[in-house]
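Here's a walk through one structure, for someone who likes to check contacts against the atoms. Have a look at it first, then read on.

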Amino acid sequence: MPRAVAVQTILLLALAGFVVFLATNLVGNIARLNLHVGFNFLARPAGFEIAQTPIAYPEGATYFRAFLVALINTILIAVVSILLSTVLGFIVALARLSTNPLLALLAQFYIETIRNVPLLLQLFFWYFAVLGPLPLPRQSLTAFGLVFLNKRGLSVPTPVAEPSFPVFITCTALFLTVAIVFFTSARRYRVKTGQTSRNRWVAGFVFLCAPGLMTIVAGTPVTWDVPRLNGFNLSGGTTIIPEFVAMAIGMSVYGSAFIAELIRGGFASVSHGQTEAGLALGLSRSKIYSKIVIPQALRTIVPPLAGQYITLLKNSSLASAIGYPDLMLIFAGTALNQTGQPLEVMAMTMASYLLLCLITAGIGNVINRRMQLVER
Amino acid sequence: MTRPIAFLRKCISSPLNALITLVILFWLLTTVPPFFDWAVFKAVWNGQSSRDCANVDAACWLFIRLRFQQILYGGYPATEHWRIMLCGATGLVALITLSSPVVRNKVFASLALTIVFPVFAGILLRGGVFGLAPVATAQWGGLMLTLVVALWTIASALPFGLGLALARRSKMPVVANLAIFYIDVMRGLPLVGLLFLAIVLFPLFVPPGVEVNALVRTLIAFSLFNAAIMAEVIRGGIQSVPKGQYEAAISLGLSHWQAMALSVIPQAIRAALPGIVNVSISIMKETTIILMAGMFDFLGVLQGSLIDPDWLIGDQIRQTAYFFAGLVFFVICFSLSRYSVYIERKLSPQGNK
């Protein structure tokens, strides 16, 4: 194949030429503009504040610390949105598949409306039009005096570990291991003999009673720090910044519409004959769903669902438009402007997103492989 | 007459369903009339200034009306608006002609449309030649800018995506692996990041003295990103074409490229059409992020006009603006998605009978 070799050689040469062209320009421009190069800046103090710091970010912390904070913020909002959108999407899909046509119609209306409006606009809507006009802390909206919502964000009770907490958690973990051992042995017994073992009940009993038992023995492991109004402000508890609340709601609602469609499509792909076959075998409705319909539907749902999670992760970069301190805003924004080293900063940002996407895709692939039909 | 009755009967088919129906009806009764009050009956439609909307807790359509020119054209000079209209009208006529059965050679016609029309539109909108006054792209804005970015991205991502899809299926390992690498990397990056790259890093990679304006850089980022997305959709289409089609074309004496161009690609594009329309919908929606690069697109103009001190008279202005923006996007994207469903039905074996 001399032609193929020639084509590929030319292509590689052209590509190499292009890269050399870019590199020469880059080197020339760096020399001309007198730019600093290298990752030394990561060790310098960052000197700006971040509105949400899941890990310690003291004054004088380095740029690398700021990068980590921003990265964790990105992961945080992505994970929360993925979980919430899956739950919400599942509920909407159930409504969409409901035998009540009015409910199904309403769910369809929800899906179509959400899917056809840009996410950025929806984020603006939640942040500026819904959370913006909220009252000041004094007039907070509250649920049972435990959760407070106001202009400054969402205040929720925080668990505080008591001295007995380490004892509690070790013993509970021990009990859980015992429960799992019993459960697997019960299952092995059932697979082998076809009969249910009493171990199953022992496992369930241990599983359910262990935490309660440990609380009685070791004392309350956790107390709750509830936010309460103190003058003009709320004190105690944890305050989630409004940007996070807006992002979480906006991304979850947006994602839920797509996920609902995926789930609906997955269930629609399982032919009705499967359900009928189950009925003919005398299986109960719940058995038909858990053993026949859902496993087959999941096979169709999981691959695009993983894609949807990646999309959600990438969409989290819109956070910078409403000021949520994620990778884009803090690192590719503030840090880039302060250091004047766009090359290094952008490379780190993009590599982080790429890595996060690859990890998500990898997890999706693993789950998908376990889910797929094992063919003979 | 039977369908509504069947619908109603299903609504009360079981006690649970009847209860759900009742709850939904109650909810609709408490939300729908107030919504129409807000959007239509109590809304302000006429007036001269923001004072007419103050203290009215309902939609302020006056705000949209007074800014309508800006929403449509951004900062484009008022005397030159005819150019945008002409451009839009030409595009529309071309599209209708293309989709009518009169045009036989669709491939040729669509190629002409994707090559000739952008050049024509570029000259007309940018000006500076043939006695047209030049209009800097910084002055472009509003719905016009949104449509320019969206249409350009769709038109450029299609051929580029097709090329990538073909390269990915190539038997030459270098070509295939380069295409796979490109597609996978692009799909793993957020578009906002690419936009930042195009804005911040682009000047570092071109020879000194070369200035590329911000809109062109944005368009490049959009094209590069969406070509990878489009490539995957088209690849699905190519894979759906049975191998026998290619073999039949070869056995008729066509060369490899003739067989691809005359038999495989047309069928692949047709099969991929619903997916292509879906990608177009997401392109349409993601154009909004150009406001993060400081451009005043449709959403950017609305968002920008919200900080006008004249209109800081209450939450109703913001609500109206977002509702209006949502409605416009919904109308565009929903029609596209209906179109996609229509093609899918038409292409499916059941629909062809």
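What follows is a short tour of folds, salt bridges, surface patches and a few distances.

## The model and chain B

Keep in mind that this is a predicted model. Chain B is helical in its secondary structure, with 14 helices and zero strands. Read from the N terminus, its elements go α-α-α-α-α-α-α-α-α-α-α-α-α-α.

As for dimensions, the C-alpha trace of chain B covers about 75 × 70 × 40 Å along its principal axes. Chain B has 353 residues, and 41% of them are buried.

## A salt-bridge network around E232(B)

Over all chains, the structure has seven salt bridges. As a reminder, side chains of opposite charge can pair when their charged atoms come close. Three residues of chain B are worth opening in your viewer: R168(B), E232(B) and R235(B) are joined in a network of salt bridges.

Take R168(B) and E232(B) to begin with: their closest N and O atoms are 2.9 Å apart. R168(B) sits in helix α7 (residues 142–168) and E232(B) in helix α10 (residues 214–240) of chain B, so this pair ties together parts that are 64 residues apart in sequence. Both R168(B) and E232(B) are buried. For E232(B) the relative accessibility is 17%, and the cut-off for buried is under 20%, so the label follows.

E232(B) also forms a salt bridge with R235(B), where the closest N and O atoms are 3.1 Å apart. This one stays inside helix α10 of chain B: R235(B) and E232(B) are three residues apart, so about one helical turn separates them.

## A salt bridge within helix α11

Where does the pair K243(B) and E247(B) lie? Both residues belong to helix α11 (residues 243–251) of chain B, four residues apart, or about one turn of the helix. Their side chains form a salt bridge with an N to O distance of 3.8 Å. That value passes because the cut-off asks for a nitrogen within 4 Å of a carboxyl oxygen.

Is K243(B) buried or exposed? K243(B) counts as exposed, because its relative accessibility is 65% and the threshold for exposed is over 50%. Its partner E247(B), at 42%, counts as partly exposed.

## Aromatics and a nonpolar patch on chain B

Now for the rings. The count of aromatic pairs over all chains comes to 22. One aromatic cluster is made of F35(B), F36(B), W38(B), W45(B), W61(B) and F323(B).

There's also a nonpolar patch on the surface, formed by V32(B), F35(B), F36(B), V40(B), F41(B) and W45(B), and together these residues have about 570 Å² of accessible area. F35(B), F36(B) and W45(B) turn up in the aromatic cluster and in this patch as well. V32(B), one of the patch residues, lies in helix α2 (residues 15–41) of chain B. At 32% relative accessibility, V32(B) is partly exposed. Patch residues need over 30% relative accessible area, so V32(B) clears that bar.

## A positive patch on chain A

Switch to chain A for a patch of positive charge on the surface: R187(A), R190(A), R200(A), K287(A) and K291(A) gather there. Which elements give two or more residues to the positive patch? They are α5 (165–193) and α9 (285–315) of chain A.

K291(A) is in helix α9 of chain A. With a relative accessibility of 58%, K291(A) counts as exposed.

## Distances to check in chain B

A few C-alpha separations make handy reference points. V264(B) lies in helix α12 (residues 256–286) of chain B and is buried, with a relative accessible area of 7%. Its C-alpha atom is 9.0 Å from that of K243(B), and the two residues are 21 apart along the chain.

L166(B) belongs to helix α7 of chain B and is buried at 19% relative accessible area. The C-alpha atoms of L166(B) and K42(B) are separated by 57 Å, with their positions 124 residues apart along the chain. W27(B), in helix α2 of chain B, is partly exposed at 46%. W27(B) and V206(B) are 179 residues apart along the chain, and their C-alpha atoms are separated by 59 Å.

Conventions:
Residues numbered from 1 in each chain as written. Chains lettered and ligands numbered in written order. Predicted model: local features only at pLDDT ≥ 70, side-chain atom pairs only at ≥ 80, totals over all residues. Heavy atoms only, no water. Phe/Tyr/Trp six-rings, centres within 6.5 Å; stacked < 30°, edge-to-face > 60°. Patch = residues over 30% accessible without salt bridge, like charges linked within 9 Å, V, L, I, M, F, W, Y side chains within 5 Å. Areas by Shrake-Rupley, 256 points an atom, 1.4 Å probe, with all protein chains shown as cover. Lys, Arg positive; Asp, Glu negative; His and termini not counted. Charge placed at Lys NZ, Arg CZ, Asp CG, Glu CD. Buried < 20%, exposed > 50% of the residue type's maximum accessible area, 1.4 Å probe, protein only.
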